[in-house]
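The following exercises are to be worked with the sequence and the model side by side. Each task is followed by a solution that proceeds step by step.

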Amino acid sequence: MKLSLPTLLAPLALSAFAGASNSFGGSSLYFLHGLSSSDQDYYINTLSGYGAKVIRLWITGLGTGCVKGSNVATDVPDFETTIGTYNNATLEAIDGVLSKMAAKGMKAIISPHDGNDIHDSSTSGNGCDAYCKTYATSFYTSSTAQAQYDARIQAILSYVSPSSGKAWGAWSEAILAFDLENEPFQFTSDASDGDPANWLCGRAANFKKYITDPNIKVATGGIGGDQSHGYNMLPKALQCSSIDLMSVHAYVGSASSWSNLLPKFESSCASNNKLVYVEEWGVSTSYPSDFSDQITSLNAQDIPWVYWQFIPGDDATESCTDGCCSSYDGFEIGLTSGKGNVQAAVSAAEGSTAKQDWGFAGFSGSNGSPVNGSSASPTSVSSPSGSSSSGSSPSGSATSGSAYGTSGGGSSGSGGSGSGTPTSGSSGSEGSGGSGSGMPTSGSPGSSGWGYQTRKGGHHRYKSHHHDSGYATPTNGGSTFVTSAQSAATIVISVTCV
């Protein structure tokens, strides 16, 4: 068949707009909606002042107390303790955060449910919610469970914001995307079986019913957990026209892994008219490459990212003398921590041209310059008490935890509002298809052990993988496992989040 030039270029449509938008960086903070108003202001204002564009939020309940160097001041109920009965107080708490973010030109990626809650009795995961107790690992294949989950999503996306007066599915000034779920198929065989019930695309089509603004996208949420499991680029997701964004969850020890992984992932996504971004990544002090080396390598790929997690309080590497918290997962970085220069990392991301076109997001460019006719409102950074002196606590005095004040920052510019055209379209041919979903030929995962702490307590659970060799060679775009290469029993901490 004779192919015209447009036909030949079609699979590269997204990558072809390399000059159209800037990349960006951001952070997850699953407990942000439980912090005091002043602590929320400090966190959002600081990240905004650094140039961050995205914060990933979770629809989850929270218990009060000290969490990762911060104080959760508000008890937030679970959204759905009984299937089909929803508590909008959870959404109201998150809505207040969304309003503050929108005022600073930032947007949220929202995870409406945690796939790590879905498992059988042999796994602890992040707990066992109403869906887990009712269906266990049949949650994804049960038609009744699918209909109930669809109803949950309808309730969330149709929720009318008290702040904006808009349904969340229409509030693109505050929301960039919704995950289908955080890490679907983490503890089930559905990913390895190729999603036999078509859960991913079926749920994505349901999301689209209630998303009325084309600048709000549907993201996969990290299929199967960490990319080392081999399912982040599951072919059924790549081929689904209702899915816009492919989420990569990658906890790698070596900075060189980013240049091995991301070009292959980006190629698979571009061939299927999908955007790709790193939705979770983290650096442990035990990794061969530190944060500085990893962020340099990651930003060089010109693919947006969201860190797990930049936190408002002290991280585990910082000295704390009063009101200190434990229960760290090891990936956290305080906003002013010596573990990593958050401001430089975010600034470098925002100052680079994205490999794919994210112009629909309407983010401002480097130094506040508009991209595709849109820009953020002016913003500045101050300590939560309103002063610009460093070292003040969020309430003006360090009553619990460490003080996390910050020095004042400059404005990020201003301009008119606008929006780009949506970049998603119908899925094209598979192209490289499942590229990026292969498992390593050596160093494949062996047995795994779990340690976890409850989310209501504000903690984080982790998974440890045992590998057979130090550096495995991936196939089909699979991940590079990174261990010390000194022992077959080396453990590397990776993925899965609260």
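**Exercise 1. Strand pairing**

In this predicted model, isoleucine 110 has phenylalanine 178 of strand 6 as its bridge partner. Starting from this pair, trace the neighbouring strands and determine how they run.

*Solution.*
Step 1. Strand 5 and strand 6 (residues 175-179) are parallel and are joined by 3 bridges. Within this pairing, isoleucine 109 stands opposite alanine 177 of strand 6.

Step 2. Strand 6 is also joined to strand 7 (residues 217-219), again in parallel and through 3 bridges. Here phenylalanine 178 has valine 218 of strand 7 as its bridge partner.

Step 3. Strand 5 pairs with strand 2 (residues 54-58) as well, in the parallel sense and over 5 bridges. Arginine 56 is matched with isoleucine 109 of strand 5.

Step 4. Isoleucine 109 therefore has a partner in each direction: arginine 56 and alanine 177 in strand 6, by the DSSP criterion for paired strands.

**Exercise 2. Burial of the strands**

Establish how many residues of strand 5 are buried, and examine each of its faces.

*Solution.*
Step 1. The cut-off needed is that a residue is buried under 20% relative accessible area.

Step 2. In strand 5 (residues 107-111), 5 of the 5 residues are buried, so the strand is largely enclosed by the rest of the structure.

Step 3. In a regular strand, side chains alternate between the two faces of the sheet.

Step 4. Both faces of strand 5 prove to be covered: one side carries Lys107, Ile109 and Ser111, the other Ala108 and Ile110, and all are buried.

Step 5. Strand 6 is likewise mostly covered, with 5 of its 5 residues buried.

**Exercise 3. The surroundings of leucine 176**

Is leucine 176 buried or exposed, and which residues does it contact beyond its sequence neighbours?

*Solution.*
Step 1. Leucine 176 belongs to strand 6. Its relative accessibility is 0%, so it counts as buried.

Step 2. With neighbours within four places in sequence set aside, its contacts include Phe24, Val54, Ala108, Ile216 and Phe363.

Step 3. Lys107 is also one of the contacts. The C-alpha atoms of leucine 176 and lysine 107 are 5.5 Å apart, although 69 residues separate the two in sequence.

Step 4. For the protein chain, 75% of the contacts with a separation of 6 or more involve residues 24 or more positions apart.

**Exercise 4. The cysteines**

How many disulfides does a search of the whole structure find, and what is the handedness of the one that joins cysteine 128 to cysteine 132?

*Solution.*
Step 1. The search finds 2 disulfides.

Step 2. One joins cysteine 128 to cysteine 132, with an S to S distance of 2.0 Å. The torsion about this S-S bond is about -95°, so the disulfide is left-handed.

Step 3. Cysteine 128 is partly exposed, at 33% relative accessible area, whereas cysteine 132 is buried, at 4%.

Step 4. The other disulfide is formed by cysteine 201 and cysteine 240, whose sulfur atoms are 2.1 Å apart. Its S-S torsion is about 80°, so this disulfide is right-handed.

Step 5. This pair links distant parts of the chain, 39 residues apart: cysteine 201 is in helix 6 (residues 199-210), and cysteine 240 is in the loop between helix 7 (235-238) and strand 8 (245-249). Both cysteine 201 and cysteine 240 are buried.

Step 6. Cysteine 269 is buried too, with a relative accessible area of 0%.

**Exercise 5. A loop residue and the nonpolar cores**

Locate glutamine 356 and identify the backbone atom that its side chain reaches. Then describe the largest nonpolar core.

*Solution.*
Step 1. Glutamine 356 is in the loop between helix 10 (342-350) and strand 13 (448-451). Its relative accessibility is 2%, so it counts as buried.

Step 2. Its side chain reaches the backbone nitrogen of valine 276 at 2.9 Å.

Step 3. The largest nonpolar core has 95 residues, and those with the most contacts inside it include Leu47, Trp168, Phe178 and Trp305. Helix 3 (residues 88-103) contributes the largest share of this core, 6 residues.

Step 4. Another core, of 15 residues, lies apart from it, with Phe24, Val306, Ala354 and Phe363 among its members.

Step 5. Of the 498 residues of the protein chain, 58% count as buried.

Notes. Residues are numbered from 1 along each chain as its sequence is written. This is a predicted model: local features need pLDDT of at least 70, side-chain atom pairs count only at pLDDT 80 or more; totals for chains, interfaces and linings use all residues. Side-chain values use heavy atoms; hydrogens and water are left out. A nonpolar core is a set of buried Ala, Val, Leu, Ile, Met, Phe, Trp, Tyr and Cys residues joined through side-chain atoms within 4.5 Å. Buried means under 20% relative accessible area, exposed over 50%, partly exposed in between (1.4 Å probe, protein chains only). Helices (H or I, at least four residues) and strands (E, at least two) are DSSP runs, numbered from the N terminus. A disulfide is a pair of cysteine sulfur atoms within 2.5 Å. Two strands pair if DSSP finds at least two bridges between them. Contact means heavy atoms within 4.5 Å. A polar contact is a pair of N or O atoms within 3.5 Å; within protein, one must be able to donate a hydrogen and the other to accept it, and residues adjacent in sequence count only if both atoms are side-chain atoms.
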